[in-house]
Amino acid sequence: HAHDHADDLVLDPEGNVYVTGESYDPATGWDFTTIKYNNDGVQQWLTRYNGPTNGDDDARDMAIDELGNIYVTGGGDGIPGDNWTYDDVTLNYTTVKYNPDGIEQWVVRHNDAGNNACAQAITVDNTGNIYITGGSYGISTDADIATMSYNPNGELRWVNRYSGPINEWDIGNAIAVSPGGSVYVTGTSAGTGTSLDFFTIEYNSSGVEQWMDRYSSLPEFSNDEARAIAVDADGIYVTGYTNITGPPFSYGITSIATIKYSPGGGREWVAYHQGLVDDKNRASAIAIDNSGNVYIAGMAHSDEYSSADYCTIKYDSSGSTQWVAMYSGEEEWDDWAYALAVDDDGNVYVTGISHYNPWIPGFWPVVTSVNTIKYNASGEEQWVARHTAENATSIQVDQVSFPRSTSLEQNFPNPFNPTTTINYSIPAQSDVVVAVYDLSGRRVATLLNQKQRAGHYDIQWDGRDDAGNQVRTGMYFYRLDAETFSQTIKMIYLR
């Protein structure tokens with residue numbers, strides 16, 4: 001009956017819900033705990049990971065790949081005698097892979113410097129490679145930003161460590177990967193005379209640094225920390241909190257800061273939102289919609305007499321504020337928004353916690369409630385749902401429409417040169433083959449041969465055969481095979 005804690009939540013295309021965090025067992029201490037629910041909320045499985053020392057294992061983040069495998073990362077026990085500290089054991093980056101049935105596939109622990117290390121964030125690319133970042137104490141440095149990649153089999157691909165200019169406090173808080181395989185990490189890093197700075201870096205898929213940027217709002221002694229990151233085709237977006245002064249901002253009061261970078265790493269804009277008092281003006285989450293609008297959730301002060309409230313901000317793609325929505329809970333206690341999601345219609349969902357005291361006015365609150373809010377695309381509140389609980393740290397919106405049957409569509413464009421797109425749908429996980437044939441029935445090119453989950457897919461053909469040679473002008477056939485389904489459609493290639 002200890003305070004079990006959830007840290008992250010993800011959905012799969014079938015609407016199943018996966019939750020990870022840590023829970024306590026008297027025999028094993030705090031363990032990674034991961035649960036799968038179906039879309040009716042019925043538990044499908046629960047699995048725990050206990051490190052080799054029976055010490056504390058702290059799950060921080062989770063990701064799911066296209067095949068439904070689950071990856072959980074955080075700080076886990078090392079092996080006694082390997083890396084002893086005053087705590088008797090040293091935390092390592094610990095990552096566990098489960099298959100869709102919750103069966104552990106592998107566990108990897110990493111600590112190249114031999115001191116305490118804890119992973120903070122994880123993501124997976126479209127080929128199944130895993131990317132992790134966090135904080136790792138160095139041999140002769142304080143905490144460094146350690147970022148690494150594993151292949152789907154849990155084999156280490158690369159590791160990069162970043163130690164700031166004064167070798168002190170450097171932590172990676174968030175990580176994202178683009179469809180092209182670029183890896184972006186953001187967090188905080190101690191600077192020379194600037195205290196803590198925003199830190200953002202891009203690596204290519206092989207771990208080679210492409211660019212790095214440090215951002216400090218004041219020339220000296222300001223604490224700036226990036227907490228979340230998002231990526232689209234137009235750029236990279238990071239948000240967190242910073243100190244900025246000068247009209248209309250007040251010195252010494254933190255502000256929510258959001259930066260957009262171009263794909264090449266140049267700052268395109270920086271946007272600020274400052275509450276009226278205190279240092280509790282902070283961003284926790286970021287999202288982007290299909291039009292390039294940027295959404296921020298965190299907390300700020302509505303007026304100089306209030307405690308912190310939920311603060312949700314919408315910027316357009318140029319960084320101009322479209323609206324700011326504030327939410328105050330049942331009483332004048334702090335309300336902290338931790339996560340948000342945006343659906344395809346531009347509705348915004350924000351969740352977090354509110355503190356209140358239902359018994360004794362004037363005393364510190366003894367109850368927290370999870371409050372979830374829906375705003376429409378104009379920032380108007382639609383509803384608020386409240387539930388008495390310890391905390392809320394993640395939110396997802398189920399927007400998946402599932403095919404009812406297997407189908408194959410006509411390619412577009414047709415005729416085509418140089419490329420064409422083939423769309424198909426499968427209603428359940430299947431072994432899928434998409435191949436191109438010539439008029440004689442000879443297979444010219446295999447476009448796909450792998451297991452895929454239920455969903456809508458598209459694949460491109462550039463008019464080349466399996467050897468990489470350009471085919472001749474003429475009529476060709478493409479065929480989809482998925483379990484017992486097979487369909488062939490003709491297309492015309494023009495050179």
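This tour moves from a loop asparagine to the cysteines and then to a four-stranded sheet.

The model is predicted: local features require pLDDT of at least 70 and side-chain atom pairs pLDDT 80 or more, while totals for chains, interfaces and linings use all residues. Residues are numbered from 1 along each chain as its sequence is written, and side-chain values use heavy atoms, with hydrogens and water left out.

Select Asn99 to begin, in the loop between β7 (91–98) and β8 (104–110); strands are DSSP runs of E with at least two residues, numbered from the N terminus. Asn99 counts as buried because its relative accessibility is 16%, where buried means under 20% relative accessible area (1.4 Å probe, protein chains only). Next, display the side chain of Asn99, which reaches the backbone nitrogen of Asp101 at 2.9 Å. A polar atom of this Asn99 side chain also lies 3.0 Å from the backbone nitrogen of Ile103. Then add Trp45, Gly68, Asn69 and Gln105, which Asn99 touches when residues up to four places away in sequence are not counted; contact means heavy atoms within 4.5 Å.

Turn now to the cysteines. Cys118 is buried at 11% relative accessibility, and Cys311 is buried at 0%. The disulfide count is zero, a disulfide being a pair of cysteine sulfur atoms within 2.5 Å.

Finally, select the open sheet of four strands, ordered β18-β19-β20-β21 with antiparallel pairing; two strands pair if DSSP finds at least two bridges between them. β18 (225–232) and β21 (267–273) stand at the edges, each with a single partner strand, so one side of each lacks a neighbour in the sheet. Seven bridges join β18 to β19 (residues 235–243), and Asp232 has Gly235 in β19 as its bridge partner.

Note on methods. Buried < 20%, exposed > 50% of the residue type's maximum accessible area, 1.4 Å probe, protein only. Polar contact = N/O pair within 3.5 Å; in protein donor to acceptor, adjacent residues only side chain to side chain.
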